[in-house]
Amino acid sequence: MGSQITDIDKLSDYARFLILSIPDGKLEKLSPFAIEKGLAGIGGSPKSVKKLRSGDLLLETNSAVQTKSFLLAKSFLNNPVTVTLHRTLNSCRGVISDNELMKSTEEEILEGLSSQGVTAVKRIFMKKGTTLVATKHVILTFNTTKLPSTVKAGYIYCKTRLYIPNPIRCFKCQRFGHSKTACRGRLTCCKCASVDHLTSDCQSAELLCANCKQPHSADSKDCPQWKKEKKIQEVRTKQNLSYYEAKKLLFPEQNSMSYSNALKTSTSQPSQTDVRLTKVIVPPLIKLMPVKPNVLRVKNVSTTKPSTESPSTTSAAQSKFKKHSQNAKQAKASDQWELVKESKAAKKARLLAERRGHVLQSLSRSRSLTREDFLKNPKSKIDEHVDSDLVLSVHPSDDDMSTSDLEDSSPAATNS
């Protein structure tokens with residue numbers, strides 16, 4: 001028991017990231033308010049709490065005392081709890097290189113550097129053909145998040161540099177970011193990207209990457225996706241972040257689309273505000289020429305009315321209609337305009353309006369006009385004066401009345 005407490009004391013000195021898990025997935029059924037109260041009851045509120053994809057909680061503690069309290073915890077909200085150290089966030093890895101290290105084994109190097117905070121040692125091997133050859137490069141894992149600048153290996157001082165791991169690629173689906181044990185995808189060939197096809201059984205001469213669809217294998221370091229994953233690992237290592245946090249920091253557009261982004265995408269293509277739909281070409285305004293009231297330009301239009309006359313006048317009406325239709329056809333064919341003489345009623349109304357205007361103008365010069373001056377009273381002196389002038393000026397003879405004048409003199413015109 002004393003050795004266990006001693007180990008916890010050593011771990012609490014540097015460990016700040018813990019994983020809290022409850023068996024049987026009971027943690028998923030607890031409310032966030034209950035979880036917050038349970039954490040505060042064990043060792044106080046942590047610095048940060050995040051839920052992992054597995055359902056467990058990632059805790060970041062504030063001090064060594066709080067870390068020790070969580071490591072010694074046995075129950076959480078009346079459930080058995082397990083608190084362990086995070087595998088990568090509580091440590092950092094560096095590389096040292098020296099030819100003298102070729103004479104020492106990994107166990108000997110770990111024993112000599114354990115007093116300097118080294119917890120794991122791994123030599124880098126290089127593949128030549130079918131054999132693995134040991135190199136002078138050694139990966140050291142330190143029990144701190146800050147990498148020391150140098151380490152003393154015996155009498156040699158070795159400079160340490162940050163170790164950036166290669167991207168994790170699944171050997172089953174060939175995707176990056178997870179291993180084969182946590183894969184939920186389908187079996188994919190590393191060479192030809194065929195589904196449900198083993199790489200060892202592949203006999204295809206053409207290479208195809210399952211990630212970028214370019215002519216190379218999925219494990220090639222020339223793959224654009226591999227280079228992108230390498231950047232994620234670099235940011236993850238330098239800033240001590242998780243894989244998903246580093247990926248979100250570098251490529252936020254690849255994450256799940258939010259409601260605002262989806263709304264922007266759906267309204268990016270306007271429908272009713274398209275220039276081609278709403279742009280109306282309006283011609284410039286043109287001042288119209290005044291039309292003389294006594295002469296009108298009209299086009300011949302043939303109108304037909306049901307005949308109610310006797311049989312004796314039917315033949316004369318038919319001949320007249322045929323002649324009129326022929327003239328209309330000729331006028332329509334030549335597209336000519338015809339001058340129509342002003343009718344008697346229209347002329348009388350026009351002259352009456354002109355005379356009334358002259359009389360009102362003369363009255364306005366002598367005095368201000370009143371409402372009674374504009375009222376239409378046939379017994380007034382103005383109208384009597386105008387009517388008398390009209391009788392003297394308008395006296396057409398019966399010979400001057402044409403057929404068109406008789407047709408145009410309607411009851412509505414005479415009443416005006």
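This report describes one sheet with its packed helix, and two loop residues with positive phi, in a predicted model.

**Sheet and helix**

Four strands form an open sheet in the order β6-β7-β5-β10, and their pairing is antiparallel. The edge positions are taken by β6 (118-128) and β10 (161-162). Each of these has a single partner strand, so one side of each is left without a neighbour in the sheet. Helix α4, residues 106-113, packs on the sheet and touches β6 and β7. The direction of α4 makes about 150 degrees with that of β6.

Within the sheet, β5 (residues 92-97) and β7 (residues 131-142) run antiparallel and are joined by six bridges. R93 stands opposite T141 in β7.

**Loop residues with positive phi**

Most residues other than glycine have a negative phi. L77, which is not a glycine, has a positive phi of about 55 degrees. N78, also a residue other than glycine, has a positive phi near 65 degrees. L77 lies in the loop between α3 (64-71) and β4 (82-85), and N78 is placed in the loop between α3 and β4 as well.

The table lists phi and relative accessibility for these residues.

| Residue | Phi | Relative accessibility |
|---|---|---|
| L77 | about 55 degrees | 35% |
| N78 | near 65 degrees | 79% |

Exposed means over 50% relative accessible area, and buried means under 20%, with partly exposed in between. L77 is at 35% relative accessibility and therefore counts as partly exposed. N78 is at 79%, so N78 counts as exposed.

Definitions and conventions. Residues numbered from 1 in each chain as written. Predicted model: local features only at pLDDT ≥ 70, side-chain atom pairs only at ≥ 80, totals over all residues. Heavy atoms only, no water. Pairing = 2+ DSSP bridges. Contact = heavy atoms within 4.5 Å. Axes fitted to C-alpha atoms, helices over the stretch in contact; angles between N-to-C directions. Buried < 20%, exposed > 50% of the residue type's maximum accessible area, 1.4 Å probe, protein only.
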